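Trainee: Before we use any labels for this chain, I would like to go through them one by one and ask what each label rests on.
Mentor: Then let us look at the sequence and the structure first.

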Amino acid sequence: MLMIITRFSTKSKTLFFLFYLICLSSFCHRASSLDTFALKKHVYYLASDSLSGRMTGSKGEELASQYIIQYLKESGCVPCFSTGSYTNSFSFLFSRIPNFNTILILDDSNLFLDKEFRPLAFSSTGDVKGEILLWNDAKQINSISSQKSFIALLDIDEFNAKHPHEDYNRLRFEFDSIASYGAKAILLINKSGEYENWVNNFKLSSTMIPVAYISDSSWSMKAKRCKSASLKIAFNDSFKTGSNICGYIPGTSSSSIILGAHYDHLGVGQESNSSLDKQTNDIHYGADDNASGVSMVLELTKEIKKLDTKGHNFVFTFFSGEELGLLGSKHFLNQKNSIVFSIDSINYMLNFDMVGRLKNGENNLLISGTGTSILWDSIIDKTSIPGISVKKAESGIGPSDHSSFYFKGIPALHFFTGPHSDYHKPSDTPEKVNYYGMSSIGQFVISNIQNSFTYPKLIFRKTASESKSTNPSFKVTLGIVPDYSYEKLGLRIDGIISGKPAEKSGLLGGDIILKLNGIHIKDIQTYMYALSICSKGQTVQLEYMRGSSTFQTTVTF
């Protein structure tokens, strides 16, 4: 360039340099993409063998914590907690084991604990007796509940997961509903015993009444013929310690912007009740969930240091215990006296959870929480980044840490590149992460942050509760992981669940369902409707597309 400039007149040189400075200034204010090498380095370390799956409270999580803190220091972030530390610890329930006082008697028969029944780990404790009533007609039960003490028998084969978190919560809401009809306890049954994977899940709040699962398939059938039950539940609890990490870049105003990601994962094999691979004791690496989100926030610290932040404080949080029920983010928001800035000063929160699987060719970035402020649409729609196609959802409620902020009345977004068949399995490994996609997402986020500076403050708005949605209920499951990011006609399958009807019918990941039981499938909603009117034992026609060819098959539920 200097060689070309020497041929210009003095006046031309002056004009050229003015033009150059204007261009440079413009370039400096453009959102830059993140360093793909650094993103990859972070993910490969966090999802390495030495960290053993980063189970909350484990040595592996502690090593991850040390790595994150060192990087915050190198990036110029100062400690966030009033103790002068980057970490703040909390105690959490690590295991609930029913003790010898736990009993279940059906009529005059004692069932064996662990072998034939087990209380749910998020059950309340208690000692109850009552008549057994099959939970199949709420109106009928309601009419007699005022005169009788009853124990509800619930067949959970009718509950089918759209997402593991959703399955737990759907049952959790149902338990409270049953209790509201006057039930003194709940006994759960199903034919196959396949729901064993969530019996030990203690990350939900305790139920209002005792709940136990009859795991023996023969007793599940016998229970329907029993007239009465006695149930006593007692636990031995053990606790561990998790630690949140937080650093920040101080500003000159009272407004704070939070960027967060959880850094815990599932540990090794059966350490976690949330593993979707029950046949292995291998490390659950959690590259996408959520080494990708941690890596993103770490690299955003460097980029935000370069910005004119308009006086805002920027806070970088790394939550522990997300996989156990958003424990870290809930604790963080309840520590008002332990944080150097005011929780009330938080303008908004950006959450990064599973941002490593942007699909080339589609590039769908799912952003939920856009309804938590009336300004989000305006902020997001101003940004156009090559390689990013945005799909928005209004709800502020979801299975990640942004929900904790939403429930505190703070506008919050969740960035997510969609579900996949490696979710909560050892196969969620670093080589499957799209680092260039992550870099583009980072560029998109920086641009959105800059767009938000147009407004002095984002005003919080409540969104529709998903627990009150009118989604149909299901008596059957196809056994697929839907691709929620797919926007064309039909429902694309992201993964197949072993042993379910979809696998038995020969369906594969990547297939697109076009018609089910005579109903044209346009999207996830029409698929859910078609599924809701199917019954157990029913055989239906299914039409699907694989590649450019269309096929027909039958599915038996």
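The exchange below sets computed values against the cut-offs behind each label.

Trainee: What kind of model is this, and how many helices and strands are in the chain?
Mentor: The model is predicted, and the chain holds 15 helices and 23 strands. Of its 557 residues, 55% are buried, and the chain exposes about 24,500 Å², with carbon and sulfur atoms supplying 53% of that area.

Trainee: Why is histidine 402 called buried?
Mentor: Its relative accessibility is 1%, and buried means under 20%, so histidine 402 counts as buried. This residue is found in helix α12, which spans residues 402–406, and, leaving aside residues up to four places away in sequence, histidine 402 touches Met349, Asn351, Ser368, Gly396, Ile397, Ala412, Leu413 and His414.

Trainee: What makes the pair of histidine 402 and asparagine 351 a polar contact?
Mentor: The side chains of these two residues are joined at 3.4 Å, and the cut-off for a suitable pair of N or O atoms is within 3.5 Å, so the pair of histidine 402 and asparagine 351 is listed as a polar contact.

Trainee: Why is lysine 488 called exposed?
Mentor: Exposed means over 50%, and lysine 488 has a relative accessibility of 62%, so it counts as exposed. Lysine 488 lies in the loop between β18 (480–482) and β19 (491–496), and its C-alpha atom is separated by 7.9 Å from that of aspartate 523, 35 residues apart along the chain.

Trainee: How do you know whether cysteine 80 and cysteine 226 are buried or exposed?
Mentor: The limit for buried is under 20%; cysteine 80 has a relative accessible area of 0% and is therefore buried, and cysteine 226, at 12% relative accessibility, also counts as buried. As for disulfides, which would need a pair of cysteine sulfur atoms within 2.5 Å, a search of the whole structure finds zero.

Trainee: Why is β15 described as largely enclosed by the rest of the structure?
Mentor: Five of the five residues of strand β15, residues 364–368, are buried, so the strand is largely enclosed by the rest of the structure. Asn364, Leu366 and Ser368 point one way from β15, while Leu365 and Ile367 point the other way, and all are buried.

Trainee: What makes β15 and β16 a pair of strands?
Mentor: Pairing requires at least two bridges, and β15 has five bridges to strand β16 (residues 389–393), in the parallel sense, so the requirement is met. Within that pairing, the bridge partner of leucine 366 is lysine 391 in β16.

Trainee: How do you know that β3 pairs with β4 and with β10?
Mentor: The requirement is at least two bridges; β3 and β4 have two, in the antiparallel sense, and β3 and strand β10 (residues 228–233) have four and run antiparallel, so both count as pairs. Leucine 106 stands opposite serine 109 in β4 and opposite alanine 229 in β10. Moreover, β3 and β4 form a hairpin with two residues between them, and aspartate 107 in the turn has a positive phi of about 55°.

Trainee: Which side chains of β3 are buried?
Mentor: Along strand β3 (residues 103–106) the side chains alternate, with Leu104 and Leu106 pointing to one face and buried, whereas Ile103 and Ile105 point to the other face and are not buried.

Trainee: Why are β4 and β5 called edge strands?
Mentor: The open sheet has eight strands in the order β4-β3-β10-β6-β7-β8-β9-β5, with mixed pairing. Strands β4 (109–110) and β5 (117–119) each pair on one side only, and they are the edge strands. Elsewhere in this order, β6 (residues 126–134) and β7 (residues 150–155) pair in the parallel sense over four bridges.

Trainee: What makes up the largest nonpolar core?
Mentor: This core has 60 residues, and those with the most contacts inside it are Leu259, Phe316, Phe318, Leu350, Phe352 and Phe415. Helix α9 (residues 287–305) contributes the largest share, eight residues. Apart from this core lies another, of 21 residues, among them Leu478, Ile480, Ile513 and Tyr527.

Terms used: Residues are numbered from 1 along each chain as its sequence is written. This is a predicted model: local features need pLDDT of at least 70, side-chain atom pairs count only at pLDDT 80 or more; totals for chains, interfaces and linings use all residues. Side-chain values use heavy atoms; hydrogens and water are left out. Buried means under 20% relative accessible area, exposed over 50%, partly exposed in between (1.4 Å probe, protein chains only). A polar contact is a pair of N or O atoms within 3.5 Å; within protein, one must be able to donate a hydrogen and the other to accept it, and residues adjacent in sequence count only if both atoms are side-chain atoms. Contact means heavy atoms within 4.5 Å. A nonpolar core is a set of buried Ala, Val, Leu, Ile, Met, Phe, Trp, Tyr and Cys residues joined through side-chain atoms within 4.5 Å. Accessible areas come from the Shrake-Rupley method with a 1.4 Å probe; for residues, only the protein chains shown count as cover.
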